[in-house]
Amino acid sequence: MQHLPTKATAILYSISLLCSLFLLQSCDDQTGNIGIDIMPDNDKPTTSQAAYNLTTASIPVDSLIAFTSDCYLGKITDPETNATTTADFIAQFATLENDKLPDISAMHKEDGNVVADSIIINLYIKSYYGDSVNPIKIGVYELDRNNILPENRNYYTNIDPQEYISNRPDAISKEMTFTVVDLAIDDTIRFASTYSKNIRIKLPAEYGTNILRKYYEHPEYFKNSYSFIRNVVPGFYFKTIAGNGTMVNIDVSTITIFFRYKIKDKTEIGIKRIAATKEVIQCNSFNNQNLTPLLKNTDCTFIKSPAAIFTEAVLPINDIYKNHENDSINSAKIVFTRQNNTTTSQFALSAPQQLLMVRKTDLTEFFEKKKIPDNTTSYTSKLSTAYNSYTFTNIAGMVSYLHKLRNREAGIKPTDSHTTVIAKTAAWEANNPDWNKVVLVPVTTNTNSLGAIVDVYHDFSLSSTKLTGGQNNPIQISVIYSNFK
C-alpha cells in the first residue's frame with residue numbers, strides 16, 4: 001500500500017473541510033423554509049386569532065362525594081365574606097387482621113373477669129384554622145351496630161349522621177370542650193418534639209372492658225375490620241355543638257385501650273389500639289350558611305370550600321366556530337384572574353391552590369369513578385402567585401370536543417342546509433342546556449415520579465377566592481385558528 005506524504009495529506013484534508021463547509025452553508029441558504037416553500041401557494045397554512053366573551057356565575061354546591069382520609073371538625077366565619085362553615089364527621093375504626101392480645105390467663109381480672117383500666121379516643125390534629133385557644137364544644141356519639149354504613153356505596157357531604165347514631169341506653173354519648181392548644185398538658189410535654197396536638201376524649205372504662213371481653217369470648221369478631229365494626233365498635237359521630245372561630249383538620253383518629261397483664265409475675269401495661277384508616281369509612285359533613293349574597297353577586301364570582309360555591313363558565317362554542325367551520329383550532333386559552341381579599345383580618349382564608357375545570361355534566365361521575373384529567377373534557381390549573389390567576393393555557397381539545405358532540409347528537413349532516421342546521425342545533429341545545437358549561441372545582445392531586453397526576457380529590461380545606469367575571473363582567477377566551485388557503 002502506498003502512503004501519501006504528510007504534506008499532501010494535510011492539503012487534501014484542508015480541501016475536504018472547505019468543501020464540507022460550503023455544502024453546509026448551501027444547505028442553510030436553501031432549506032430554511034423546507035416543506036413550506038415547496039408547497040403550492042394555495043396550500044400554505046394561514047393562522048388567525050380572535051377573542052370571545054364568555055359569562056361566568058357562582059353556583060351553590062349541593063353535596064360532594066366525601067371520599068377522603070382527612071376529617072374536619074369545628075366552626076368558622078369567613079371574615080371576608082361573612083359565610084359560616086360548620087364541620088362534623090363520622091369515623092369507623094379498623095383492627096389489624098388477627099391482632100393478638102396476651103393470653104387470657106395473663107390478663108388482669110376483677111371478680112374473675114378481664115377488665116380495662118381506661119379507654120381514650122385521640123383525634124390527631126394535622127392543621128388548624130383560627131384561634132388555638134378558642135373553645136369549641138363537641139359531641140361524641142356511638143353509631144348504631146344495627147344500622148352500619150354499608151361499604152358498597154358512596155357517601156356525600158350532605159349526609160345526616162343522626163340516622164346512624166345508636167339509641168341504646170348504654171351507647172356512648174358525651175359532650176366536651178376542646179382547644180387546639182391543650183393548656184392542661186404540662187409545657188415540658190406540649191413543647192416536646194415528639195408531641196402531636198390532639199383532642200383527647202376519655203370514654204368510660206367499661207367500654208374498653210367490653211371490647212376486651214369480646215376479644216376472648218368471640219375472637220372471630222377481631223379477624224378483620226368488617227366483623228369488628230359489626231360486632232364490636234361500629235364507629236363514632238363527632239359533632240360541633242357550639243363555639244365559632246376554630247376548625248381542625250384531623251389527620252388520624254385512634255381508640256386506645258389500656259390494660260394490665262403479667263409476664264413472669266411482673267405486671268406490665270398493655271394497649272390495644274385501633275385507628276380510622278382509608279380501609280374503613282370516614283365521612284365529612286359540612287354545613288354552609290350565609291352564601292346567598294355571594295351567589296347573587298353579578299359583578300364577580302366566588303369559589304369557596306369546603307363544599308360551598310363553584311364558579312361556572314359558559315363556553316361560547318357557537319361564536320368560536322362562526323365563520324370558522326373549516327378551520328382548525330390550535331389553541332384556546334382562558335385566564336381566571338383572582339381579586340385580592342379586602343379584609344385585614346389575620347384569619348382571612350387563603351385561595352384554593354389548584355382548580356379542576358370539568359364539564360358540568362361530568363362533575364359527579366368524575367369523582368365517583370375517580371377519574372384523572374384527560375385534557376379533553378377536564379383540565380387542572382394551579383394558582384400563579386406571580387399573576388394572581390388560574391390559567392388554562394389550551395383547552396382547544398374541549399372546544400373541539402363540544403362542537404363535534406353537539407353536531408353529532410343533534411344529527412347534523414353534510415347535506416343539511418344552513419336553515420336545517422340552525423333548527424337542529426337550537427332544538428338540541430334547548431334539551432341540553434348544560435352542554436357547553438364547565439365548572440371550576442378546588443381539588444388536591446397526587447402525582448407519580450414523573451409528575452403525572454394519578455389521583456384527584458375534592459379539596460375540603462378552608463379556602464375562598466373571588467374571581468373577575470360574573471354576569472355583568474364577561475371575561476374572554478382567546479382562540480388561535482389555522483387553515484389552508
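User: I should like to learn to read strand pairing. In β3, which residue is the bridge partner of I76?

Analyst: In β3, the partner of I76 is T85. Please note that the model is predicted. A single bridge is not enough for two strands to count as paired, because the rule asks for at least two bridges between them. Here strand β2, residues 71–77, and β3 are joined by 4 bridges in the antiparallel sense.

User: How many residues lie between β2 and β3 in their hairpin, and what is special in the turn?

Analyst: The hairpin of β2 and β3 has 6 residues between the two strands. In that turn, N82 has a positive phi of about 70°.

User: With which other strands does β3 pair?

Analyst: One of them is β13, residues 282–289, which pairs with β3 in the antiparallel sense over 8 bridges. Within that pairing, D88 has S285 of β13 as its bridge partner. Another is β10, residues 236–242, which is also antiparallel to β3, with 3 bridges. There, I90 is matched with Y237 of β10.

User: How many residues of β3 are buried, and which way do they point?

Analyst: A residue is called buried when its relative accessible area is under 20%. In strand β3, residues 84–91, 8 of the 8 residues meet this test. T84, T86, D88 and I90 point one way, while T85, A87, F89 and A91 point the other way, and all are buried.

User: What share of the residues in the protein chain is buried?

Analyst: Buried residues account for 44% of the 485 residues. The chain contains 9 helices and 23 strands. The radius of gyration is 32 Å, well over the 23 Å that the globule rule gives for 485 residues, so the chain is more spread out than a compact globule. Along the principal axes, the C-alpha atoms fill a box of roughly 105 × 85 × 50 Å.

User: What percentage of contacts join residues at least 24 apart in sequence?

Analyst: The count takes contacts between residues at least 6 apart in sequence, and 79% of these join residues at least 24 apart. A single residue offers an illustration: S118 in strand β6, residues 118–130. Leaving aside residues up to four places away in sequence, S118 touches A205, T256, I257 and F258.

User: Is S118 buried or exposed?

Analyst: The relative accessible area of S118 is 18%, so S118 is buried.

User: Let us turn to cavities. How many cavities of 30 Å³ or more are there, and which residues line the largest?

Analyst: A cavity is a space where the probe fits but cannot get out. The count is 1 cavity of 30 Å³ or more, and the largest cavity has a volume of about 30 Å³. The lining consists of I76, D78, A83, T85, K304, S305, L349 and L462. You will recognise I76 and T85, the bridge partners discussed above. By class, this lining has 4 nonpolar, 2 polar and 2 charged residues.

User: What is the volume of the second largest pocket, and which residues lie nearest its centre?

Analyst: The second largest pocket holds about 500 Å³ of space. Of the 18 residues that line this pocket, E325, R406, H418, V421 and I422 lie nearest its centre. Two or more lining residues come from each of α6 (317–321), α8 (396–409) and α9 (418–431). The greatest contribution is that of α9, with 6 residues. The lining divides into 6 nonpolar, 6 polar and 6 charged residues.

User: S305 was named in the cavity lining. What kind of peptide bond joins S305 and P306?

Analyst: That bond is cis, with omega of about 10°. P306 belongs to the loop between β14 (300–305) and β15 (309–314).

User: What is the phi of A307, and where is this residue placed?

Analyst: A307 has a phi near 50°, a positive value in a residue other than glycine. The loop between β14 and β15 holds A307 as well as P306. With a relative accessible area of 8%, A307 is buried.

User: K370 also has a positive phi. Is K370 buried or exposed?

Analyst: K370 is exposed, since its relative accessible area is 54% and the cut-off for this class is over 50%. Its phi is about 50°, although K370 is not a glycine. K370 lies in the loop between α7 (363–368) and β18 (378–382).

Notes
Residues are numbered from 1 along each chain as its sequence is written. This is a predicted model: local features need pLDDT of at least 70, side-chain atom pairs count only at pLDDT 80 or more; totals for chains, interfaces and linings use all residues. Side-chain values use heavy atoms; hydrogens and water are left out. On a 1 Å grid over the protein atoms alone, a cavity is a set of points where a 1.4 Å probe fits but cannot get out, and a pocket is an open set with protein on both sides within 12 Å along at least five of seven lines; lining residues have an atom within 4 Å of a point. Grid points are joined across faces, edges and corners, and a volume is the space filled by probe spheres set on the points. Ala, Val, Leu, Ile, Met, Phe, Trp, Tyr, Cys and Pro count as nonpolar, Asp, Glu, Lys and Arg as charged, and the others, Gly among them, as polar. Buried means under 20% relative accessible area, exposed over 50%, partly exposed in between (1.4 Å probe, protein chains only). The radius of gyration is taken over C-alpha atoms; the globule rule is 2.2 Å times the number of residues to the power 0.38. Contact means heavy atoms within 4.5 Å.
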